[in-house]
Amino acid sequence: MSDVLQALQEVLEQRKKAAPDSSYVASLHAKGLNKILEKIGEEATETILAAKDAEISGSTKEVIAETADLWFHCLVMLSQLDVEHTAVLAELERRFDLSGLVEKANRTK
C-alpha cells in the first residue's frame with residue numbers, strides 16, 4: 001500500500017511544478033493552500049454524508065470513493081506544505097501501541 005502512496009506523492013510533486021492549466025493538481029497548487037483546504041472541507045462533508053447513507057443503505061461504495069477523494073486532497077495539502085506522507089505514517093506508527101485516551105492526554109497544548 002505504501003507503494004501507492006509513494007507513487008502518488010511523486011506525481012503530486014511533479015504536478016506542483018507544472019503549469020496550472022496542465023492538470024487539476026497543478027491548478028490547486030497554483031491557487032494555494034486556502035483553495036486546497038477548501039477542497040478538503042468539501043470532501044470531508046461529502047465523506048460524512050456518504051457514511052451516513054452507507055449506514056442506512058448498507059452499501060459502502062460511495063463512502064469508499066469519497067474517503068479516497070478526502071485522502072487525496074489531504075495528500076495534495078501535505079505536498080503544498082512540503083510534508084511527505086511518510087511523516088504521517090510514522091506518526092500513526094508511533095501511536096500504534098498507545099491507548100487513544102493515553103495518547104490524547106499526552107499531547108502538548
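## Helix packing and salt bridges in a predicted model

Glu43 lies in helix 3, and in this predicted model that residue is a convenient place from which to begin a description of the helices. Although glutamate belongs to the charged class, Glu43 is buried here, because its relative accessible area is 6% and the limit for a buried residue is under 20%. Once residues up to four places away in sequence are set aside, Glu43 touches Glu66, Asp69, Leu70 and His73.

### Helix 3 against helix 4

These partners of Glu43 also appear in a broader contact, in which Glu66, Asp69, Leu70 and His73 of helix 4 are among the residues that meet helix 3. Two packed helices are described by the angle between their axes and by the distance between those axes. For helix 3 and helix 4, the axes come within 8 Å and cross at roughly 160°. Helix 3 is therefore roughly antiparallel to helix 4, since angles over 145 degrees are counted in that way. The crossing of helix 3 with helix 4 is left-handed.

On the helix 3 side, the residues that take part include Leu33, Ile36, Leu37, Lys39 and Ile40, and also Ala44, Glu46, Thr47, Ala50, Ala51 and Ala54. Helix 4 contributes, among others, Glu62, Val63, Thr67, Cys74, Val76, Met77 and Gln80. Sorted by class, the residues of this contact of helix 3 with helix 4 divide into 13 nonpolar, 4 polar and 6 charged.

### Helix 1 against helix 4

Helix 4, which spans residues 61–80, also packs with helix 1, at an angle of about 55° and with the axes 10 Å apart. That angle makes helix 1 oblique to helix 4, and helix 1 passes helix 4 in a right-handed crossing. From helix 1, the residues Leu5, Leu8, Leu12, Glu13 and Lys16 meet Phe72, Leu75, Val76, Ser79 and Gln80 of helix 4. The class count for the contact of helix 1 with helix 4 is 6 nonpolar, 2 polar and 2 charged residues. Val76 and Gln80 of helix 4 are listed in the contact with helix 1, and Val76 and Gln80 are listed in the contact with helix 3 as well.

### Salt bridges within helices

The structure holds 7 salt bridges, and the table sets out three of them with the distance between nitrogen and oxygen.

| Salt bridge | N to O distance |
|---|---|
| Glu13 and Lys16 | 3.4 Å |
| Lys39 and Glu42 | 3.1 Å |
| Arg94 and Glu91 | 2.7 Å |

What spacing along helix 1 separates Glu13 and Lys16? Glu13 and Lys16 are 3 residues apart in helix 1 (residues 2–16), and so they are separated by about one helical turn. An α-helix has 3.6 residues a turn, so residues three or four places apart point the same way. Lys39 and Glu42 are likewise 3 residues apart, about one turn, in helix 3 (residues 33–57), and Arg94 and Glu91 are 3 residues apart in helix 5 (residues 85–95), again about one helical turn. Salt bridges that share partners join Glu13, Lys16 and Asp82 into one network.

The exposure of these side chains can be given residue by residue. Glu13 is partly exposed at 24% relative accessibility, and Lys16 is partly exposed at 23%. In the pair from helix 3, Lys39 counts as buried because its relative accessibility is 15%, whereas Glu42, at 32%, counts as partly exposed. Arg94 is partly exposed at 46% relative accessibility, and Glu91 is partly exposed with a relative accessible area of 28%.

### Helix 2 and its surroundings

The buried residues of helix 2 are Val25, Ala26, Ser27, Leu28 and His29, and what covers them includes helix 1, helix 3 and helix 4. Ala26, which is found in helix 2 (residues 24–31), is buried with a relative accessible area of 1%. Leaving aside neighbours within four places in sequence, Ala26 is in contact with Arg15, Ala18, Ala19 and Pro20. Between Ala26 and Asp69 the separation is 43 residues in sequence and 16 Å in space, taken from C-alpha to C-alpha. Just after helix 2, Gly32 takes a positive phi of about 95°.

Note on methods. Residues are numbered from 1 along each chain as its sequence is written. This is a predicted model: local features need pLDDT of at least 70, side-chain atom pairs count only at pLDDT 80 or more; totals for chains, interfaces and linings use all residues. Side-chain values use heavy atoms; hydrogens and water are left out. A salt bridge is a side-chain nitrogen of Lys or Arg within 4 Å of a carboxyl oxygen of Asp or Glu. Helices (H or I, at least four residues) and strands (E, at least two) are DSSP runs, numbered from the N terminus. Buried means under 20% relative accessible area, exposed over 50%, partly exposed in between (1.4 Å probe, protein chains only). Contact means heavy atoms within 4.5 Å. Axes are lines fitted to C-alpha atoms, for helices over the stretch in contact, and angles run from 0 to 180 degrees between N-to-C directions. Angles under 35 degrees count as roughly parallel, over 145 as roughly antiparallel, 65 to 115 as roughly perpendicular and the rest as oblique. A crossing is left-handed if the near helix is turned anticlockwise from the far one by less than a right angle, and right-handed if clockwise.
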